[in-house]
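Trainee: Please take a close look at one part of this model for me. I would like the surface patch first, and then whatever connects to it.

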Amino acid sequence: MREGSSRSSPVVAAAVRTRSADGDRRPSTARPSAATVGSLCVLAASVLWGTTGTAATFAPGVGPLAIGAVAMGLGGLLQALTAWAHIARERRPLRACGGTVALGALAVAVYPLAFYTSMRLAGVAVGTVVSLGTAPLASALIERVLDGGSLTQRWKAGAALGVLGTVLLCAAETLGAGSAARGGSAAETVLGVCLGLVAATTYALYSWAAHRLITRGISSRAAMGTVFGLGGVLLLPVLLATGAPLLASWTNAAVGTYMALVPMFTGYVLFGWGLTHVRASTATTLTLLEPAVAAVLAVLIVGEHLPGVGWLGVGLVGAGLTVLTWRGSAGA
């Protein structure tokens, strides 16, 4: 999944600025046909990420902690396994950045637990939009505090739109306009929104940690494999404690397998391929498709009802993210 700020996503920007040890190439040198393929890869990854909330609803007997642990836990371990050669080759610089690695791994472990619980309490559409829609704002604030970066007028405008959109979404759900299908209370919705903000913050934190590793000369595959792999290890106890319902039926097991292999593992592979052919600003803008996919699937498949004010909130969040990431044709 992705973070934007007053600049493009930290991980994305670092990946496209440098030629890493795993052979990443600058997207600016890509031919038009390659850029088209790259854009399609990013869009495909965004669609896969947007299906996670809806997929989780097919295993109602599985708690959100188990869903989060199996999705990011097993998916993270798979990322580490496929990047093992890079991790082993760069183990010394990774050890030298142990604090950053630990922070990123902890954020990876907390993120799915907060994210899926948020969706269970507030609904798929709102949980996804709050968690993902406010992550770019959290990323900008983290960069401001930890790196001393300045907040531009572009960021302030995007933040205002994003916050307003989130408030409208929360208002629509809290007033009960969109909770008929879930039967959730206003208190559950508010708690779900708060957990969505926790998810957004941890999402931004592990992005910042990976960015810090990459800018210190560690390849993107080694950095992401290490952070996600250790995060997966931290999630294993949660999976062991809560994951029994995943084995209670073939449907539950299929949902868990899908979450780990498709959105978390395959989605990140597709996104990585896309970044070899398109600029960071283009990739970040394309991934705005994810919350839109989540909201539409929640309405069409889950049966949630999002009123007009809620859709206006989705639109404002999307507009805010566009302001934060759009650089015009020169940055495409």
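**The nonpolar patch and its surroundings**

Mentor: Phe58, Val296, Leu300, Ile301 and Trp311 make a nonpolar surface patch of about 510 Å². A patch here takes residues with over 30% relative accessible area and no salt bridge; like charges are joined within 9 Å, and nonpolar side chains (Val, Leu, Ile, Met, Phe, Trp, Tyr) within 5 Å. A salt bridge means a side-chain nitrogen of Lys or Arg within 4 Å of a carboxyl oxygen of Asp or Glu. Accessible areas come from the Shrake-Rupley method with a 1.4 Å probe, and for residues only the protein chains shown count as cover.

The model is predicted: local features need pLDDT of at least 70, side-chain atom pairs count only at pLDDT 80 or more, and totals for chains, interfaces and linings use all residues. Residues are numbered from 1 along each chain as its sequence is written, and side-chain values use heavy atoms, with hydrogens and water left out.

Helix H15 (residues 289–302) gives the most to the patch, with three residues. Helices (H or I, at least four residues) and strands (E, at least two) are DSSP runs, numbered from the N terminus. Ile301 sits in H15. Is Ile301 buried or exposed? Neither: it counts as partly exposed because its relative accessibility is 48%. The cut-offs are under 20% relative accessible area for buried, over 50% for exposed and in between for partly exposed (1.4 Å probe, protein chains only).

Ile301 also leads inward. Thr54, in helix H3 (residues 52–56), touches Ile301. Its other contacts are Val124, Leu297, Ala298 and Val302, not counting residues up to four places away in sequence. Contact means heavy atoms within 4.5 Å. Thr54 has 4% relative accessibility, so Thr54 counts as buried.

Next, helix H16 (residues 308–325), which holds Gly313. Gly313 is buried because its relative accessible area is 0%. Gly313 touches Gly165, Leu168 and Leu169, not counting residues up to four places away in sequence. Ala172 lies 141 residues from Gly313 in sequence, yet the C-alpha atoms are 9.0 Å apart.

Helix H13 (residues 250–275) offers a contrast. Pro263 is found there, and so is Leu261. Pro263 counts as buried because its relative accessibility is 0%. Leu261 is partly exposed because its relative accessible area is 38%. Leaving aside neighbours within four places in sequence, Pro263 is in contact with Leu48, Trp49, Thr51, Thr52, Tyr258 and Tyr268. On the same basis, Leu261 is in contact with Leu78 and Thr266. Both residues have distant sequence partners. Pro263 and Met72 are 191 residues apart along the chain, with C-alpha atoms separated by 9.5 Å. Leu261 and Gly76 are 185 residues apart in sequence and 10.0 Å apart, C-alpha to C-alpha.

Helix H12 (residues 220–242) contains Val227. Val227 counts as buried because its relative accessibility is 1%. Leaving aside neighbours within four places in sequence, Val227 is in contact with Gly104, Ala105, Val108 and Leu213. Val108 is 119 residues from Val227 in sequence and 7.4 Å away, C-alpha to C-alpha.

Two helices can be checked for length. The expected span is 1.5 Å times one less than the number of residues. Helix H7 (residues 98–122) has 25 residues, so H7 should span 36 Å; its end C-alpha atoms are 36 Å apart, which agrees. Helix H11 (residues 186–215) has 30 residues, so H11 should span 44 Å; its end C-alpha atoms are 43 Å apart, which agrees. Gly123 follows H7, with a positive phi near 105 degrees. Gly217 follows H11, with a positive phi near 95 degrees.

Now the cysteines. A search of the whole structure finds zero disulfides (pairs of cysteine sulfur atoms within 2.5 Å). Cys97 counts as buried because its relative accessibility is 8%. Cys194 counts as partly exposed because its relative accessibility is 40%.

Finally, the whole protein. The protein has 16 helices and zero strands. Buried residues make up 56% of its 332 residues. Of the contacts with a separation of 6 or more, 87% are between residues 24 or more positions apart. The accessible surface comes to about 13300 Å², and 69% of that belongs to carbon and sulfur atoms.
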